[in-house]
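This briefing introduces a protein chain to a reader who is beginning to work with molecular structures. Please keep the sequence and the three-dimensional view at hand while reading.

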Amino acid sequence: MNENELVRVANVTKEFKSKRLFKDSSSVTALDGVSLSVEKNRILGIIGESGSGKTTLAKLILGLLKPTSGVISFADLKDGNGGLRKPEVQVIFQDPYDSLSHMMTIEEIVAEPYLIKHKNPCSADKVRSVLKSVGLTPVDEYLHKYPRSLSGGQRQRVAIARAIITSPDLVIADEPISMLDASIGVDILNLILEMNEKLGITFIFITHDIAAAAYVCDNIAVMNLGKIVEYGSRKQIIVECQDLYTSSLLSAAGADIIFSENKKRKVELAAKQVC
């Protein structure tokens, strides 16, 4: 791995086998020879329709599944004590309604990963600071609430706070805005950008929405039927796409995504065809 890489996926295949009563077993190939690199302090978008293999790839990187073949490598990072460690990975799930325990307060939910990692309770000041950083203010109004009393956007902010409380190196955001209203979704995208730019957190942003990927991602991998059909910088994928499937995703978005190279990665939508 080179010094800019945090994670490298090399020729990874994942097959799921099913056993049938009185019939021969069969297998489904969810990933087929996937290779990509997750660069440090960048946002990698993984785009595709349902069933393309996006979430399977995320589960492999998280260690929830093992690849049938191929290798997933993690960079060695300095641990602050003269030694080396592997990257810490956290996840933001798609569903802000089911991903949070309804038996715990917001303070308990956000503090739990810290307790698991450090074997010591998280300080109240730390929890307050993280909630403030994700825009849940005034903080005192949220600490002792339960998720059922929050909106979808507020719950997803709690999920982001829970993910960053341990200062992870990589956060996998699996369709984090797909269940939110458009305006709220943009707020969450801006928050992901802020976490990346101010805290230096690397993100893998999984989505079916190519416009959302264009808004936040530095690099994009387009997946179809378990394979990466196109992979490159945001500009290469959005403005200079070469694959017909990528072009179809752009067309399905219903508008053109006009690329802008500025720091905030602003994207404007216009009613004309790009690719």
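The notes below treat the domains, the pocket, the strands and some individual residues in turn.

The structure is a predicted model. The domain assignment divides the chain into domain 1 (3-87 + 167-270) and domain 2 (105-163). The largest pocket encloses about 330 Å³ of space, and its lining takes at least three residues from each of the two domains.

**Domains**

- Domain 1 is written as two stretches of sequence, 3-87 and 167-270, while domain 2 covers 105-163.
- Between the C-alpha centres of domain 1 and domain 2 the distance is 26 Å.
- Eleven residues of domain 1 make contact with nine residues of domain 2.

**The largest pocket**

- The volume of the largest pocket is about 330 Å³.
- Its lining consists of 19 residues, and those closest to the centre of the pocket are Ser 167, Pro 168, Leu 199, Gly 200 and Ile 201.
- Helix 3 (124-133) and helix 5 (182-199) are the elements that contribute two or more residues to this lining.
- Sorted by class, the lining residues are eight nonpolar, six polar and five charged.
- Both domain 1 and domain 2 supply at least three of the lining residues.

**Strand 3 and its partners**

- Strand 3 spans residues 43-47, and five of its five residues are buried.
- On one side of strand 3 lie Ile 43, Gly 45 and Ile 47, and on the other lie Leu 44 and Ile 46; all of these are buried, and both faces of the strand are thus covered.
- Strand 3 runs parallel to strand 9 (residues 202-207), and five bridges join the two.
- Strand 3 also pairs in the parallel sense with strand 10 (residues 219-224), over four bridges.
- Ile 47 has a bridge partner in each of these strands: Thr 207 in strand 9 and Val 222 in strand 10.

**Strand 8 and its partners**

- Strand 8 comprises residues 170-174; five of its five residues are buried, so the strand is largely enclosed by the rest of the structure.
- Leu 170, Ile 172 and Asp 174 point one way from strand 8, whereas Val 171 and Ala 173 point the other way, and all are buried.
- Strand 7 (residues 89-92) is paired with strand 8 in the parallel sense by four bridges, with Val 89 standing opposite Leu 170.
- Strand 8 is also parallel to strand 9, to which five bridges join it.
- Within that pairing, Val 171 of strand 8 has Phe 203 of strand 9 as its bridge partner.
- Strand 9 is therefore a partner that can be followed from strand 3 to strand 8, with the burial of strand 8 described above.

**Two residues and their surroundings**

- Val 34 lies in strand 2 (residues 23-39). Its relative accessible area is 1%, below the 20% cut-off, so Val 34 counts as buried.
- Although Val 34 and Val 12 are 22 residues apart in sequence, their C-alpha atoms are 4.9 Å apart in space.
- Beyond its neighbours within four places in sequence, Val 34 is in contact with several residues, including Val 9, Val 12, Leu 57, Met 223 and Ile 228.
- Leu 65 is placed in the loop between helix 1 (54-62) and strand 4 (69-74). Its relative accessibility of 23% falls between 20% and 50%, so Leu 65 counts as partly exposed.
- Leu 65 and Lys 14 are 51 residues apart in sequence and 8.9 Å apart from C-alpha to C-alpha.
- With neighbours within four places in sequence left aside, Leu 65 contacts Phe 16, Thr 56, Lys 59 and Leu 60.

**Backbone features to notice**

- As background, most residues other than glycine have a negative phi, and most peptide bonds are trans.
- The peptide bond between Thr 137 and Pro 138 is cis, with omega about -10°. Pro 138 belongs to the loop between helix 3 and helix 4 (152-164).
- Lys 119 is not a glycine, yet its phi is positive, at about 65°. It lies in the loop between helix 2 (106-118) and helix 3, and it is exposed, with a relative accessible area of 65%.
- Leu 225, also a residue other than glycine, has a positive phi near 55°. Leu 225 sits in the loop between strand 10 and strand 11 (227-233), and at 68% relative accessibility it counts as exposed.

Technical notes:
Residues numbered from 1 in each chain as written. Predicted model: local features only at pLDDT ≥ 70, side-chain atom pairs only at ≥ 80, totals over all residues. Heavy atoms only, no water. Buried < 20%, exposed > 50% of the residue type's maximum accessible area, 1.4 Å probe, protein only. Pairing = 2+ DSSP bridges. 1 Å grid on protein atoms, 1.4 Å probe; cavity = no way out; pocket = protein on both sides within 12 Å on 5 of 7 lines; lining within 4 Å. Points joined across faces, edges and corners; volume = space filled by probe spheres on them. Nonpolar A, V, L, I, M, F, W, Y, C, P; charged D, E, K, R; others polar. Domains from an automatic or database assignment. Contact = heavy atoms within 4.5 Å.
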